[in-house]
Amino acid sequence: MIIDSHVHIGCFGKYDMKPEYLIDSMQRYGIDYSLMSPITGVEFGQDHTPLPDDWPYDQLSANEEAIEFARENDGKIGILPWCRPAAEGFNDAFVKLIDQGGTYIKGLKFPPYHSMLPITAPQVEPYLAFAAERRLPVL
């Protein structure tokens, strides 16, 4: 089995990664399974500026779309939810999202560059404790 461990869908800045592009790429290059995070989960822009006020995604909506995409492509996509510790933080709604994602959830993703926080930041600690409790790897 060939696994791609770092793929995204969504639009952000100069990136336009449509879901169908991912599936097409997997077929074209013989990839059996991909671990995906929605790039729409970003907290800050490429240059560390705040996102526009009309940014349509939050921690839940970005990851809900990702989970739905995995369901539509069952057996081909696993989800690493994009966590937003700086903008939103860990909360009950995030736990519910992970529970609803079921077996599609394969770990948690923290991109320090786009959160402007180190993995050791206090805002990240509740996510890490949750990941440890659920035995989810952290990327």
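Modeller: Let's start with helix 1, which lies across strand 1, strand 2, strand 3 and strand 4 and runs at about 160° to strand 3. This is a predicted model, where local features need pLDDT of at least 70 and side-chain atom pairs count only at pLDDT 80 or more, while totals for chains, interfaces and linings use all residues. Residues are numbered from 1 along each chain as its sequence is written, and side-chain values use heavy atoms, leaving out hydrogens and water.

Biologist: What makes something a helix or a strand here?

Modeller: They're DSSP runs numbered from the N terminus: H or I with at least four residues for helices, E with at least two for strands. Helix 1, for instance, spans residues 19–29.

Biologist: Which residues of helix 1 are buried, and how do you know that they sit on the same side?

Modeller: Leu22, Ile23 and Met26 are the buried ones, buried being under 20% relative accessible area, exposed over 50%, and partly exposed in between (1.4 Å probe, protein chains only). The arc they cover around the axis is only 95°, and that puts them on the same side of helix 1. The arc is taken over the directions from the helix axis to the C-beta atoms. Arg28 and Tyr29 are exposed on the other side of helix 1.

Biologist: What covers those buried residues?

Modeller: The cover includes strand 1 (3–12), strand 3 (33–38), helix 2 and strand 4 (77–79).

Biologist: Now the sheet. What order do its strands take, and why do strand 2 and strand 4 stand at the edges?

Modeller: It's an open sheet of 4 strands, ordered 2-1-3-4, with mixed pairing. Strand 2 (15–17) and strand 4 each have a single partner strand, so one side of each has no neighbour in the sheet. From one strand to the next, the twist averages 45°.

Biologist: How do you know which strands pair?

Modeller: Two strands pair if DSSP finds at least two bridges between them. Strand 1 and strand 2 are joined by 3 bridges and run antiparallel, with Cys11 opposite Asp16 in strand 2. Strand 1 and strand 3 run parallel with 5 bridges, and Val7 stands opposite Met36 in strand 3. Another 3 bridges join strand 3 to strand 4, also parallel, and there Leu35 faces Gly78 in strand 4.

Biologist: Why is strand 3 described as largely enclosed?

Modeller: Because 6 of its 6 residues are buried, strand 3 is largely enclosed by the rest of the structure. Tyr33, Leu35 and Ser37 point one way, Ser34, Met36 and Pro38 the other, and all are buried.

Biologist: On to helix 2 and helix 3. Why call them roughly parallel?

Modeller: Helix 2 (residues 59–72) and helix 3 (residues 92–101) pack at about 0°, with axes 10 Å apart. That makes helix 2 roughly parallel to helix 3, since the cut-off is under 35 degrees (over 145 is roughly antiparallel, 65 to 115 roughly perpendicular, the rest oblique). The axes are lines fitted to C-alpha atoms, for helices over the stretch in contact, and angles run from 0 to 180 degrees between N-to-C directions.

Biologist: Which residues make the contact?

Modeller: With contact meaning heavy atoms within 4.5 Å, they include Leu60 and Ile67 of helix 2 and Phe94 and Leu97 of helix 3.

Biologist: What about helix 5: which residues are buried, and where do they pack?

Modeller: Tyr127, Phe130 and Ala131 are the buried residues of helix 5 (residues 125–134). They cover only 100° of arc, which puts them on the same side of helix 5. Their packing is against helix 2 and helix 3. Ala132 and Glu133 are exposed on the other side.

Biologist: What makes the phi of Arg135 worth a mention?

Modeller: Most residues other than glycine have a negative phi. Arg135 has a positive phi of about 60° although it is not a glycine. It lies in the segment after helix 5 and, at 76% relative accessibility, counts as exposed. His48, in the loop between strand 3 and helix 2, has a positive phi near 65° and isn't a glycine either.

Biologist: Is His48 buried, exposed or partly exposed?

Modeller: Partly exposed, with a relative accessible area of 33%. Gly30, just after helix 1, has a positive phi of about 70°, and at 37% Gly30 is partly exposed.
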